[in-house]
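Got the model open in your viewer? Here's a short tour of what to select and what you'll find there.

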Amino acid sequence: MSLFTEFAIFVLAIFVGFEVISKVPTTLHTPLMSQTNAIHGIVMLGGLIVLGYAGDGLEYLIGTIAVAFGAINIVGGFLVTDRMLGMFAKKPKPKADADGKGGTGK
Amino acid sequence: MIPLAVLKPGGDAATALYIVSFSLFIIGLKQGTHPSTARRGNKIAAVGMAVAVVTTLLLDGMGNWGFIAIGLAIGGAVGAYASIRVKMTEMPQMVALYNGVGGGAVALIAWSEIRHGIHIGGAMPLEELIPTLLAGIIGSISFWGSNIAFAKLQDLIPTRPLAVPGQQIINAVLGIGVIVLAVIIAINNEPPSQFLFILILIAAAILGNLVVLPIGGADMPVVISMLNAFTGLSAAAAGFALDNVALIVAGTLVGSSGTILTMEMATAMNRSVANILFSGFGGAPAAVAGSGEQRPVTSIGAQDAAIKLAYADNVVIVPGYGLAVAQAQHAVKEMANQLEKRGVTVNYAIHPVAGRMPGHMNVLLAEADVPYENLKEMDEINPEMPRVDVAVVIGANDVTNPAAKNDPNSPIAGMPIIEVSEANEVIVIKRSLSTGFAGIDNDLFYEPNTSMLFADAKAAASEVAAEIENL
C-alpha cells in the first residue's frame, strides 16, 4: 500500500472517530476509555509481526513483552469494559417505580 | 494455534479481513453511545479484535510460536486477573496503566523494527523509518507518562504538583533534542543508528516523566485522556511503519477518542490543554490560601442533617472523588432510598471532572444501582439549583467552590462549577476543612447557608440514612 493511500485512510479514520465518539454521552466516558484501551491492544499485531522476524535473544524478549503488553490491553480492556457496562445495564426499573410511590422523580 | 502461513502480508485476503476487523471496531464504538447497547458494542469490538489477531497469526512469516504463546499467556492472565479484581474506584489507575502498556508495546515494536532494518542492511526506506521513529517517540512518552500518572493516582508519589526548577526549559531542550536525533537518524538511514534510536527512547522517557510529574491531581482527567490519545496515535504510527491497515485505523480511532475527551475535560475546567500541561496547577497559590485567616463555619451532626433532608422536597447530591475514596456510593444510595421513601426527589449532579477520569463518578454510582436518569450533568442541574431545597456535597470540593465564579484572582477562576451555593441550603459532608486537589480554600464552607457535617463520607451517609429512617 502506498504511503498516500495509507495517509488517506488515516485522515478518514480521524473523521470517523470524531463523528462516532463525539456522540458518546459523558456518563459512558469511562467505559469508552477502557474500551479504547482494548482496541489499542491492536498493537499486539505489531508485536506478533516483529516476533515473526526476530532473530536474537534481545529481539525475542522485546517481541514477547510487546505481545504480552498487547494481550493485557485486549483481554483486560474488553473484560473490564464489559464489567462496567453490566452495571449500567442492570436497571431494576419496576423496583425503582415501587420505591417512588410517594411522588418521586420527574 | 497451528502455523498455517496461508495469508500473504499486505495481500488481498489479509487486507479484507483487517477491513472486517476495523469495521467491527467502528460499529462497536457506535453502539457505545447508549447504555442499552454499549455492552453489545463492546462484544462486537472484541470479535473484531479476534478477527484481527487470527488474521495476523495466519500471515506468512509468523514464527517463534513458543514466544508468542508465552506472551499471550502472560498478558492474557494479567489482563484477566486485573479486570476481575480492580475496584471501580481504581479505574483511573487501571486505564493509566493500560495506556502505559499500550505505549510501551509500540515503543518496543519500533525498536524491533529499527533492528530489523539494520539486519536487512542498506537504507531503510523513509516511509517506514519516519513512522517508526514517531512510534518510538510517542510510545515512549506515553509509557513513562502513564506510569507516572498511575503512580500519582495510586498514591505511590504525591499527587500535588512536583515542580522542577527550569522545567519548561528542560522540556523544550528534550523535545528539540528528540526531534534533532530523529532527523539525524532519518538522514543517515543506511542503516539507521540503533544507538541514536535508544537515545531517543530515553530522552522521550524523561520527557514523559517530566511532563506528567508537575501536574496536580485535579488535572488527572485531562492527563489520562491525553495519554489515551497518545497511545492511539503511537499505534497508528506503528501501522504506517508495518503497512498494517488495522493498526492505522484502530490506532486513529483511539487517538480521536482521547483527543475528544481531552478537549472536553479542558473545557470543563475552562483552561487550555497547554495551560494544564505546563502551569503546575495549584503550586504557588496553595501557600497563599493555606495561610488564610480563621473563618467561622456551621457544624452539624447526622441527626440535624437527616431532619433538613427529610423535610425537603428536592435534594441534589453532589458527589466527588472523596465519595469514591471512602467507597461511600452504596451508603449514599441507601440515604437516597430513605429520602425517596418519604417522597423526596433525589438527583445527582455530576461535574464533568468529578472523580479522576472522564465519567468516573457515573460508573461508581451505576455500581450502586443509581438509575441512569437521575444522573444530571452540570449544565442540566445549574439552572435548577435555586429551586433545590438541600444540596448535599459529598467528597467534592473544588468543583463547588464559588470562588471560581466570584473571585477573578482565584487559581480556579472561570472553571465551571456546580452552583450549590444557589441552593436554599447546603450540607457538606467532609472530614475536615482541608483543601481539594487545587490546594485552595473553598469559600462555600463559610457561607451562611452552608452546614458542615465533619465525618467520613461513608459513615456519615449511613448514619444520616439511619436517622432518616428513625424520624
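Start by selecting B:Leu309: leaving aside neighbours within four places in sequence, it is in contact with B:Val315, B:Leu339, B:Val344, B:Val390, B:Val464 and B:Ile468 (contact means C-beta atoms, placed from the backbone, within 7 Å). Residues are numbered from 1 along each chain as its sequence is written, and chains are lettered from A and ligands numbered from 1 in the order written. This is a predicted model, where local features need pLDDT of at least 70, side-chain atom pairs count only at pLDDT 80 or more, and totals for chains, interfaces and linings use all residues.

Next, add B:Ala238, B:Leu247, B:Ala250, B:Val318 and B:Ile394: with B:Leu309, they touch the most other members of the largest nonpolar core, which has 204 residues. Such a core is a set of buried Ala, Val, Leu, Ile, Met, Phe, Trp, Tyr and Cys residues joined through C-beta atoms within 7 Å; buried means 20 or more other C-beta atoms within 10 Å of a residue's own, with C-beta atoms placed from the backbone. Helix α4 (residues 57–89) of chain A gives this core the most, 17 residues. Helices here are DSSP runs (H or I, at least four residues), numbered from the N terminus.

Now colour chain B by domain: 1–83, 91–281 and 293–470 are domains 1, 2 and 3, with bounds from an automatic or database domain assignment. The C-alpha centres of domains 2 and 3 of chain B lie 37 Å apart. Their contact takes 20 residues from domain 2 and 15 residues from domain 3. On the domain 2 side, select α4 (91–120), α8 (220–242) and α9 (245–268) of chain B, which each supply at least two residues.

Last stop: show both chains. Here 100 residues of chain B are in contact with 85 residues of chain A, and α4(B) gives the most to chain B's side, with 18 residues.

Definitions and conventions: Two residues are in contact if their C-beta atoms, placed from the backbone, lie within 7 Å. A residue is buried if 20 or more other C-beta atoms lie within 10 Å of its own, exposed if 12 or fewer, and partly exposed in between; C-beta atoms are placed from the backbone.
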